[in-house]
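Biologist: I have a model open on my screen and plenty of terms I would like explained. Could you take me through the reasoning behind them?

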Amino acid sequence: MNRKEIIDTHKVFPLTYLRTVVLSVRYDKLESDCYSAMSEFVSSNFNIDVTTELYDDLQNRPLCFATEDKSIVWTIDDNSLAISIGQDAYQSFESSLLTLVKDVQLFLKAVNRLATEIILNKVNLIPVTLSSYDEMKDNASHVFTDNILDKWGSDIYQKNENRLVYLLKESDDSGEDIDIFTGFISKGGVSEQQPARYILDITAKAVKKVSHENLADIVASFNNRIYSIFIRSISDELINSMEEG
């Protein structure tokens, strides 16, 4: 299997295990002189009129806007915003996330703020029929590659009789940090409606000042790194299941 080709072409698979995507951006606290620009942004993008009183209390009462099916949810407070995208609304970076990033650029431009922290999080959940803790651990090689499994046993994030999650960290000279949570939750640890599942939760973060013009490039870089880590972390068996749809 040519993983390099998959990564280089950023192949979009018929089947995905991606459950949620969250983009978060922090900025310097919004002041009253930003309210007019915020009001215009919210009105034009969400067709909602927001009272001045709500803007005055963003710290305690963030603004929340969602699509009708709740598959995309915006949350804006006085120094950050977050966009959560559910699995049904996410197909690819170009078709699903880039448009929203451009909206964030317009928001930052409107309120005259630089991004001071940017976070992109992607959570993959792989459901399985295994039910016990031991079965889930013994069969992890069917889901993860040695890139992940060789690091298991180091930094345990959470462990009990139903759950095992490890935290791995990467960083580079660009100032970007990567947190990778991998592990599993066996069926005994959740309600009967939820299957057992393996977890691959990847977060890219940069703490630096970024103008609205450069935001899309930063998020695209995050997305590429997360995708590369994802492909290098999952087994041939899992990739084949994604290709078969």
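Modeller: Happy to; we will go from the sheet to the core, then to ring pairs and salt bridges, and please keep in mind that this is a predicted model.

Biologist: Let's begin with the sheet. What makes β2 and β6 the edge strands?

Modeller: Nine strands form an open sheet in the order β2-β3-β4-β1-β5-β9-β8-β7-β6, with antiparallel pairing. β2 (63–66) and β6 each pair on one side only, and that makes them the edges. From one strand to the next, the twist averages 10 degrees.

Biologist: How do you know that β7 and β8 are paired?

Modeller: Pairing takes at least two bridges, and β7 and β8 have nine, in the antiparallel sense. Within this pairing, Tyr166 stands opposite Thr182 in β8.

Biologist: And which strands does α7 lie across?

Modeller: Helix α7 lies across β1 (18–27), β5 (115–128), β7, β8 and β9, and runs at about 30 degrees to β5.

Biologist: What can you tell me about the largest nonpolar core?

Modeller: That core has 75 residues, and Trp74 and Phe107 touch the most other members. Its largest share, 10 residues, comes from helix α7 (residues 215–233). Another core, of seven residues, lies apart from it and includes Leu125, Val165, Leu167 and Ile185. In soluble globular proteins, nonpolar side chains tend to be buried together.

Biologist: Which residues join Trp74 in a cluster of ring pairs?

Modeller: Tyr27, Phe41, Phe46, Phe65 and Phe107 are linked with Trp74 through ring pairs. Beyond its neighbours within four places in sequence, Trp74 is in contact with several residues, among them Leu63, Leu81, Ile83 and Val104.

Biologist: Why is the pair of Trp152 and Tyr166 called stacked?

Modeller: The structure holds 13 aromatic pairs. In this one, the centres are 5.3 Å apart and the planes 25 degrees. The cut-offs are 6.5 Å for a pair and under 30 degrees for stacking, so both are met. Trp152 lies in the loop between α6 (146–149) and β6 (156–159) and Tyr166 in strand β7 (residues 163–171), so the pair ties together parts that are 14 residues apart in sequence. Both Trp152 and Tyr166 are buried.

Biologist: Why does Ser186 count as buried?

Modeller: Its relative accessibility is 1%, and buried means under 20%, so Ser186 qualifies. Ser186 is found in the loop between β8 (176–185) and β9 (196–206). Its contacts further along the sequence than four places include Ser131, Tyr133, Glu161 and Asn162.

Biologist: How do you know that Asp236 and Arg3 form a salt bridge?

Modeller: Their side chains meet at 2.6 Å, N to O. The limit is 4 Å, so the pair counts. Asp236 lies in helix α8 (residues 236–244) and Arg3 in helix α1 (residues 3–9), so the bridge ties together parts that are 233 residues apart in sequence. At 37% relative accessible area, Asp236 falls between 20% and 50% and is therefore partly exposed.

Biologist: And what makes Asp8 and Lys4 exposed?

Modeller: Exposed means over 50%, so Asp8 at 53% qualifies, and so does Lys4 at 57%. Asp8 and Lys4 also meet in a salt bridge of 2.6 Å, N to O. Both lie in helix α1, four residues apart, about one turn of the helix.

Biologist: How many salt bridges are there in the whole structure?

Modeller: A search finds seven. Glu170, Glu176 and Arg225 are linked in a network of them.

Key:
Residues are numbered from 1 along each chain as its sequence is written. This is a predicted model: local features need pLDDT of at least 70, side-chain atom pairs count only at pLDDT 80 or more; totals for chains, interfaces and linings use all residues. Side-chain values use heavy atoms; hydrogens and water are left out. Rings of Phe, Tyr and Trp (its six-membered ring) pair if their centres lie within 6.5 Å; planes under 30 degrees apart count as stacked, over 60 as edge-to-face and the rest as tilted. Helices (H or I, at least four residues) and strands (E, at least two) are DSSP runs, numbered from the N terminus. Buried means under 20% relative accessible area, exposed over 50%, partly exposed in between (1.4 Å probe, protein chains only). A nonpolar core is a set of buried Ala, Val, Leu, Ile, Met, Phe, Trp, Tyr and Cys residues joined through side-chain atoms within 4.5 Å. Contact means heavy atoms within 4.5 Å. Axes are lines fitted to C-alpha atoms, for helices over the stretch in contact, and angles run from 0 to 180 degrees between N-to-C directions.
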